[in-house]
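Visitor: I would like a close look at a single part of this structure. Please take the side-chain pairing first and then place it in its surroundings.

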Amino acid sequence: MSATTREPIIRVTAMPADANAYGDIFGGWLLSLMDMGAGLIAARHSHGRAVTVAMDGVQFHLPVKVGDEVSVYGRLDKVGRSSMRIAVEAWRRPRHEDEAVKVTEADFIFVAVDPDGKPRAVVQE
C-alpha cells in the first residue's frame, strides 16, 4: 500500500495500560485499532452498518512500544454484493523521532448489514 493510495484513519499514542510486562503493546490492542479503522471505511462506503467477518494475512513485523505514536491507514480494495475487503496497515513512530515504520498489516472483510443483521447490498459507486 503506497502513501498515495492509503487513507489515514486513526492516530493514537500507545500507553502503559496497552502493554505487556516487557513494554510491548498487545497485538490484540493493535488489531482492535485496525478493525475500528477498517470499520470506519466500511460504514462510510456502505452508507450504514457493516460488521467484521474475517481478517486475512495478519502479519506483525515489529513491536510497538509504550509512548510510540501509532497511525492506522486503510484502503478499500474490493467491493462485492454485500462485502468489502479493506487493506489496513499500522505504523509506529517513536515519540522523539521523525521516521515511522510499518509494524502490522492485514486485510479485513466486512459485510454490510440491515437493522436485523442480515446482509444487504452495498451501493456500487
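Guide: Arg75 is partly exposed, with a relative accessible area of 23%. In this predicted model, its side chain forms a salt bridge with Asp77, the closest N and O atoms lying 2.4 Å apart. Asp77 is likewise partly exposed, at 38% relative accessibility. Salt bridges that share partners also join Arg11, Glu69 and Arg93 into one network.

The structure holds 9 salt bridges. One of them is between the side chains of Asp24 and Lys65, at 2.4 Å from N to O. This pair links distant parts of the chain, 41 residues apart: Asp24 is in the loop between strand 1 (7–13) and helix 1 (27–46), and Lys65 is in the loop between strand 2 and strand 3 (69–79). Asp24 has a relative accessible area of 21% and is therefore partly exposed, since buried means under 20%. Lys65 is partly exposed as well, with a relative accessible area of 35%.

A further salt bridge joins the side chains of Arg92 and Asp68, at 4.0 Å from N to O. Arg92 lies in strand 4 (residues 83–93) and Asp68 in the loop between strand 2 and strand 3, so this bridge ties together parts that are 24 residues apart in sequence. Arg92 and Asp68 are both buried.

From the charged pairs, turn to the nonpolar interior. The largest nonpolar core has 27 residues, and those with the most contacts inside it are Leu30, Met34 and Phe110. At least two residues of this core come from each of strand 1, helix 1, strand 3, strand 4 and strand 5 (101–112). Helix 1 gives the most, with 8 residues.

The buried residues of helix 1 are Trp29, Leu30, Leu31, Leu33, Met34, Gly37, Ala38, Gly39, Ile41, Ala42, His45 and Ser46. Their packing partners are strand 1, strand 2, strand 3, strand 4 and strand 5. An α-helix has 3.6 residues a turn, so residues three or four places apart point the same way. With 20 residues at 1.5 Å a residue, helix 1 should span 28 Å, and its end C-alpha atoms are 28 Å apart, which agrees. After helix 1 comes His47, whose phi is positive, near 55°.

Two residues show the contacts in detail. Leaving aside neighbours within four places in sequence, Phe110 is in contact with twelve listed positions, among them Asp35, Ala38, Gly39 and Ala42, and also Ala50, Val51, Thr52 and Val53. The contacts of Phe110 further include Ser82, Ser83, Met84 and Ile86. Thr104 is placed in strand 5 and is buried, with a relative accessible area of 0%. Again leaving aside neighbours within four places in sequence, Thr104 is in contact with Leu30, Met34, Gln59, Phe60, His61, Val88, Glu89 and Ala90.

Phe60 also belongs to the surface. With Met55 and Val58, Phe60 makes a nonpolar surface patch of about 260 Å². Met55 is located in strand 2 (residues 50–60) and is partly exposed, with a relative accessible area of 40%.

Methods: Residues numbered from 1 in each chain as written. Predicted model: local features only at pLDDT ≥ 70, side-chain atom pairs only at ≥ 80, totals over all residues. Heavy atoms only, no water. Patch = residues over 30% accessible without salt bridge, like charges linked within 9 Å, V, L, I, M, F, W, Y side chains within 5 Å. Areas by Shrake-Rupley, 256 points an atom, 1.4 Å probe, with all protein chains shown as cover. Helix = DSSP H or I, 4+ residues; strand = E, 2+ residues; numbered from the N terminus. Buried < 20%, exposed > 50% of the residue type's maximum accessible area, 1.4 Å probe, protein only. Core = buried A, V, L, I, M, F, W, Y, C linked by side-chain atoms within 4.5 Å. Contact = heavy atoms within 4.5 Å. Expected span 1.5 Å × (residues − 1).
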